Amino acid sequence: MMPGGGRCAACKYLRRRCPSDCIFSLYFPANDPQRFARVHKIYGASNVAKMLQQLPANLRAEAADSLSFEARHRVEDPVYGCVGIIHRLHQQIQNAETQLAKTQAQLFGFINTIID
Amino acid sequence: MASSSSYNSPCAACKFLRRKCMPGCIFAPYFPPEEPQKFANVHKIFGASNVTKLLNELLPHQREDAVNSLAYEAEARVRDPVYGCVGAISFLQRQVQRLQKELDAANADLIRFACNEIPTALPVPPGVSSIQPMVPRQRPVEFSRRIGNEGDAFYQPPSYSHPYILPWSDNPSGDINDGGGEGNNM
């Protein structure tokens, strides 16, 4: 149950009473219904509850945030989800390493010119 | 791809779910019986019915990549129940940042050489780099709000040991090969 006695976003979405020990209430506030809607669409409420319950309480907020992040990206990109981001980061790294190698080669060229 | 019609062998999904693997099983092409862990992970994290719904919303030619990315995310989440593959994203973003700093410094030195100066340990001038981070700093990852005063920085979980090697080499945009990374094979 949320402070003030209202239902959390999960219980509102699931159309049920929000108990005082609701596993979702701290991480899915009523003012952000889309956050729960996305994780429910991708993972399912019971899977999310299981995943959170299996974690120590001090790690649940981070877990809920990362699940929400992944769910958002999966909704936006149903084929690759946030794995698409990983792909693009790998490519950025590859491009940057290539650029860095070229720049360093040019620098060494200059240094050799000075030495000669 | 696996097929339930090959030697009447059920796919990994139907084996796991202990049901008859019918012709046209939506899972059979993507969950071969030789890879039981792939479906086990996907089932644990996403659930079979959610995966069915996701696949039904895609065109057939998109489903293999979708299943592979789901399997990747599921394995990442099984290994790291708190951060899943977001941990990999954070690790890679830090690598991009590090490389950008190195590139800035190298470009600055190159400019100085081009002007016939010897490079010194001076601060890197702004605007020198030619690459931008994948996630611009003005669009923070949504849950970076929880990390101190880094509201406009990349998400930074506790130390992340290794990224995952991606299970397939095709780039999502279809035009380059994935460079892979250190870490375990899936």
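## Burial and surface of chain A

Of the 116 residues in chain A, 52% are buried. Keep in mind that this is a predicted model. The accessible surface of chain A adds up to about 5,800 Å², and carbon and sulfur atoms account for 53% of that.

## Fold and overall shape

Chain A has 5 helices and 0 strands, so reading along the sequence simply gives α-α-α-α-α. With a radius of gyration of 23 Å, against the 13 Å that the globule rule gives for 116 residues, chain A is more spread out than a compact globule. The box filled by its C-alpha atoms, taken along the principal axes, is roughly 80 × 30 × 25 Å.

As for contacts within chain A, take those between residues at least 6 apart in sequence: 41% of them join residues at least 24 apart.

## Where the two helices 4 meet

Now to the pairing across chains. Helix 4 of chain A covers residues 57-76 and helix 4 of chain B covers residues 60-79. Their axes come within 13 Å and cross at roughly 175°. That angle is over 145°, the cut-off for this class, which is why the two helices count as roughly antiparallel to each other.

On the chain A side, the residues that meet the partner helix are A:Ala63, A:Ser66, A:Leu67, A:Glu70 and A:Arg74. Helix 4 of chain B brings B:Ala66, B:Ser69, B:Leu70, B:Glu73 and B:Arg77. Sorted by class, this helix-helix contact has 4 nonpolar, 2 polar and 4 charged residues.

Technical notes
Residues numbered from 1 in each chain as written. Chains lettered and ligands numbered in written order. Predicted model: local features only at pLDDT ≥ 70, side-chain atom pairs only at ≥ 80, totals over all residues. Heavy atoms only, no water. Axes fitted to C-alpha atoms, helices over the stretch in contact; angles between N-to-C directions. Helix = DSSP H or I, 4+ residues; strand = E, 2+ residues; numbered from the N terminus. Parallel < 35°, antiparallel > 145°, perpendicular 65-115°, else oblique. Contact = heavy atoms within 4.5 Å. Nonpolar A, V, L, I, M, F, W, Y, C, P; charged D, E, K, R; others polar. Rg over C-alpha atoms; globule rule 2.2 N^0.38 Å. Buried < 20%, exposed > 50% of the residue type's maximum accessible area, 1.4 Å probe, protein only. Areas by Shrake-Rupley, 256 points an atom, 1.4 Å probe, with all protein chains shown as cover.
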